[in-house]
Every structure is written in C-alpha cells, then in structure tokens.
Amino acid sequence: MQEAELQDIVTSREDGEYIINIGPQHPSTHGVMRFVTSLKGEMIDSVVPETGYIHRGIEKMCERLTYQQVIHLTDRMDYLSAHMNNEAVALLVENALQVEVPDHVKYIRTILCELQRIASHQLWWCAFGMDMGAQTCYFYGLRDREYILDIFEESFGSRLIHSVICPGGLMNDIHPNFQKRTKDFIKYFRKKLPEYDQLLTGNIIFENRTKGVGVLSREDAISYGFTGPCGRGSGFSCDVRKKYPYSAYDKVDFKEILYTEGDSWARYKVRMDEMWESMKIIEQLIDNIPEGPFTAKMKPIIKLPEGEHFQRVETAKGELGVYVISKGDKNPYRIHFRTPCFSNLFPISQLCAGNKIADLIAISGSLDLVIPDIDR
Amino acid sequence: MEKEQLGQLLNECFPGFTIEPFRDTFRIKADAAAVHPMALILHEDDRLKFDYLINMYGIDFEDHFAISYHFESTRYGTTLFAEIAIANHEAPSVDTVSDIWKTAQYQEREIYDLMGVRFHHHPDLRRLFLEDGWGFPLRKDYTDEINVIER
C-alpha cells in the first residue's frame, strides 16, 4: 500500500476508530505478511491483508525454464506441501504427453503425499496451539514431525523441499528401510495422536476461543473459493482426491471429512480427523507397493503439445491448480498456479469483522496460511 | 450431468458463441464485451449453476490479451472453461465479475498487478504484490532495466 493511501485510511476514520498494523514481522502471521486492522475499541472493523513481501515472480521465472526445472520452483511455493506441488506439475506433463507411469510410482507418490499431509497438519497444529498460548503443543508437534522428515531424509536426502516427484516418475527409488520406518511411524503416531486431543481439543479455554468464532457459510466459502480443510469445515465438499482421483487415490478407501459449522473449531476438527484418514490411506498402500521401475520412459527434452493444459491436486492447504499455455516449445509460454492459500486468505476480513483483536490471531491460525504460497 | 447434455444446454444458453470441446468438458470463446452477461447466465441459470470460480488468469498473446476462466458447478459436478479475448493490446480492459464470485476480486487484482489488464467497476483495483509504478512483468514485452543482471 502506498503511503498516501495509508494516510487516506488514517484520516478518513470515524470517531474512536484506529488502525493497527499486524506484521509484516509479527510471529503469528507465520511469514512476512501484513494485516492493516482497523479497530473500534477492542473490536475489529475490517482487516486488509497486504501481500507481496516475498513475491519472487515464480510464474515469470518458469517461462524461461524447462518442465523438469519448473518442479524445483514449485516446492518453494507451499514448502509444507512440497510433494503435492511437485506432483501437480508432474501429472500435468504426464497427462499432456499421455505417459502411463508404473504402479510402483503411483503408490509411492500417494504415500509420500499423505506423509507430507500429516507433517503439514502437525506443524499447523503445533503453531496453532502456540498462537493461542499453548506452548507445549509446539514441542509435541515438532517431536512427531521429525519422524516423517527423517523418513524423507533417508530416502531422498532432503527434509523440507525434496523435488523428488518429477515428470515420468521419481528422481530416485525409495530406501529399503522406507516401508519399515513408515509402518513404525504409523504405529507410533496412532498412539500419539490421542495425546494431541487430550492436550488441546478438550481444553475449555481453547474451545471458547474457537467455537463460533470466524464463521463462514457454505455459500460464501464456495464464492470465495475457500478450499481444503477450511472449505470442508464450512460444509463445502471440495476434496479433489475424491472428485478427480489421481495417482493411487482411486484404489484406496477413505472418508472426506465434512463439518458444517464453518467456524475455527470446525476447521480444527477437519484437520485432526484428516490425520487419521491419511494414516488409513498409508496403511492400505504400504504393504502392497508393486515391484517395478521408478520412472517411465521419458524423452530428455519434454515438449508439450500446443494448447492449454491443466491439473488439479489436493494439497494439505486446499486445491492447487496448475495451468499451462504451451506453444510446443520446451518451456511453457505461460504458467499459472492457482494456489490454495491465496484463495483462503481473503475471506479473513469477513471472518474477523465483529470479533476481538485477539481472535484475529486464532482465525488466521485456523486458516493455516503459508505466505510464500500466497505471494509466489 | 453427461457431456452431451451440457453441450446442448450451452448451445441453448449461448447462441452465437463459439463452444468447442476441451478435455472432458467445453470451452466457451467470447469477446471482452460479452463477459458480464455470460458470467451472470453461468452463475444464475438453474440448469448450469456454476457457483465456484476455480481460477482465472491472464495470457499475453503478443497481439492480444486473453483471460481464461475455469468454473465448477458444486450442484451438478460439471466444469467449464471460458476464454475471453481482449483485442486492444495498448490499454486492455474488461468488465469485472467480482460482483458474481467474490474470489474474482482478488484474482482480478492479481491479473491487473502482473498483466496490466484493467477491470471496469471493480470495487478496489489496487496492485496486489508490486509497488505502484512498477511495470507489468507477465507481459511479453516487459523489460527491467534496473534489476536484470546481464550474463
């Protein structure tokens, strides 16, 4: 926002109204992001999110890169859903070239994505707890997330941004220990997840601060494009894994979690239940990974056919869409990412209006925002 | 809803428009002037009910601009693409659809910020990511004299 515009807001305010800047370096914004909040006493009048502090121009950069190189920029968007972001571009290229990847790859991709979903929800859970003053959550969540990151590290050599899912398959095969360690983790986490509930879910302070706070109706959720666990908390059935199954999601049995309250509590419950569902999916697949090569035969230079291509996947935050305009070259003419956090951010003004200033932190925590995903 | 049924419906609702098959659905091609009436029919007609605007983005085709829309109907489970051509490459502008889908307000701000397409009747058309006075980086003729390092 320009200085003059900010001045306009400040001078045009009514009696008793005042402006507070939350961010760009406030810890509860989980990144560089500013909320220009106008208050009347303790009550929020409106929240204007100011984005762009870490805009890197990924879409412009991609126009000069090949499709294999684009993969490495996608995990820098939503770094907590790195595998799903990679998979979106990989699936787009495979569908455009009509390459059938081996079942081995499909199973491993699905397992990796679900592990990543659990890891993302764990980090969200511990940060959400800490935003509301429950410091212990942070240690519980990070302790258990470490097991997943170790599994990734052993197989692929990296913990946060892997770039392991590439057009045609995987960069390298899984480590021989992968199946055993994943099963050990599931066994361990099935015991630990009820502890999360004991620690935070039944807490009366937590319940009072989330129940009935930040309500978005189903119609508004659809109109805002409010997807992922946030949308499903408002009763908007938007799970791409169910609607348009990709990889091995058509082979597994899982529930789409839906709550209809639309408040912070519902968004919290959706994510807690999704962790159970993700574990169910992994358990169905982990013993049945078929033998086979870890990559399909691909040409070294990928050229997509001319025209528009798109792919939708479900990340931990919501629906990710990749749209490519190709002119038959080895790099995209135009690439666009419809990122989940971008759409999930903007209802925040409506969610916060009429609530207290402390609720802004709880509401923005319940949206699970990752700022690089908004700015790209 | 089956694909043929959707095709018939679209032909009925949009006489004179180019409707071509695309993947497992259709794509409507129209001019900039037709955006708002078309969007209203897509959203309001009880047989179509495209209430979820998944995505919209701008494309610079060097001689003209285009805006691609991707809709979904949560009632019928159908999807639809629309591509709007903006012939004026000097000062591109088109009507907003932010009064129909709330998410469009922010997607349009992003397109204005990065592509330089203006939206008529938009409630709050400010830049989203970049500073005022910056160029429009997603245009093909964009050059940045200050920040580009030549190898």
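# Notebook: helices, sheets and rings

**Entry 1. Helix packing in chain A**

I noted that α3(A) and α4(A) cross in a right-handed sense. The model I am reading is a predicted one. I looked up where these helices run: α3(A) covers residues 67-74 and α4(A) covers residues 82-97. Their axes lie 8 Å apart, at an angle of about 160°. Angles over 145 degrees count as roughly antiparallel. I therefore wrote down α3(A) and α4(A) as roughly antiparallel to each other.

I then followed α4(A) to its contact with helix α5 of chain A, residues 103-131. Here the angle is about 150°, with 8 Å between the axes. α4(A) and α5(A) are therefore roughly antiparallel too. I checked the hand of this crossing and found it left-handed.

**Entry 2. The sheet of chain A**

I turned to the strands of chain A. Three of them form an open sheet in the order β1-β2-β3, with antiparallel pairing. Which strands stand at the edges? They are β1 (17-22) and β3 of chain A. Each has a single partner strand, so one side of each is left without a neighbour in the sheet. On average, neighbouring strands of this sheet are turned by 20° against each other, direction ignored.

I looked closer at β2(A), residues 34-40. Seven bridges join β2(A) to β3(A), and the two run antiparallel. I picked out one partner: V36(A) is bridged to V48(A) in β3(A).

Past β3(A) I stopped at G52(A). This glycine is in the loop between β3 (43-50) and α2 (58-62) of chain A. Is G52(A) buried or exposed? I read a relative accessible area of 17%. The cut-off for buried is under 20%, so I put G52(A) down as buried. I also looked up its separation from V99(A), 47 residues away along the chain. Their C-alpha atoms are 37 Å apart.

**Entry 3. The sheet of chain B**

Chain B has an open sheet of five strands. I wrote the order as β1-β2-β5-β4-β3, with mixed pairing. β1 and β3 (52-60) of chain B are at the edges. Each of these two has a single partner strand, so one side of each lacks a neighbour in the sheet. From one strand to the next, the twist averages 20°.

I went through the pairings. β1(B) and β2(B) run antiparallel and share five bridges. One of the contacts is P21(B), whose bridge partner in β2(B) is F26(B). The two strands make a hairpin with two residues between them. R23(B), in the turn, has a positive phi of about 50°.

β2(B) also pairs with β5(B), residues 79-86, through five bridges. This pairing is parallel. Here I found K29(B) bridged to E83(B) in β5(B). On how covered β2(B) is: five of its seven residues are buried.

I finished with β4(B), residues 65-72, which pairs with β5(B) in the antiparallel sense over eight bridges. F71(B) stands opposite L80(B) in β5(B).

**Entry 4. Aromatic rings and charges**

I looked up the ring pairs next. The count is 26 aromatic pairs over all chains. One of them is Y147(A) with Y188(A), a tilted pair at 4.6 Å centre to centre and 35° between the planes. Y147(A) sits in helix α6 (residues 135-156) and Y188(A) in helix α7 (residues 178-201) of chain A, so I noted a link between distant parts of the chain, 41 residues apart. Y147(A) is partly exposed, with a relative accessible area of 39%.

Which two chains does the next pair join? F310(A) lies in strand β6 (residues 307-314) of chain A and F22(B) in β1 of chain B, so the pair joins chains A and B. The pair is tilted, 6.4 Å centre to centre and 35° between the planes. Both rings belong to buried residues: F310(A) has a relative accessible area of 10% and F22(B) has 9%.

I also found a cluster. Ring pairs link W124(A), F128(A), F206(A), W265(A) and Y268(A). W265(A) has a charge over its ring as well: the charged end of K211(A), 4.7 Å from the ring centre. A further entry of this kind is R143(A), which lies over the face of Y140(A) at 4.8 Å from the ring centre.

How values were computed
Residues numbered from 1 in each chain as written. Chains lettered and ligands numbered in written order. Predicted model: local features only at pLDDT ≥ 70, side-chain atom pairs only at ≥ 80, totals over all residues. Heavy atoms only, no water. Phe/Tyr/Trp six-rings, centres within 6.5 Å; stacked < 30°, edge-to-face > 60°. Helix = DSSP H or I, 4+ residues; strand = E, 2+ residues; numbered from the N terminus. Buried < 20%, exposed > 50% of the residue type's maximum accessible area, 1.4 Å probe, protein only. Lys NZ or Arg CZ within 6 Å of the ring centre and 35° of its normal. Pairing = 2+ DSSP bridges. Axes fitted to C-alpha atoms, helices over the stretch in contact; angles between N-to-C directions. Parallel < 35°, antiparallel > 145°, perpendicular 65-115°, else oblique. Left-handed = near helix turned anticlockwise from the far one by under 90°.
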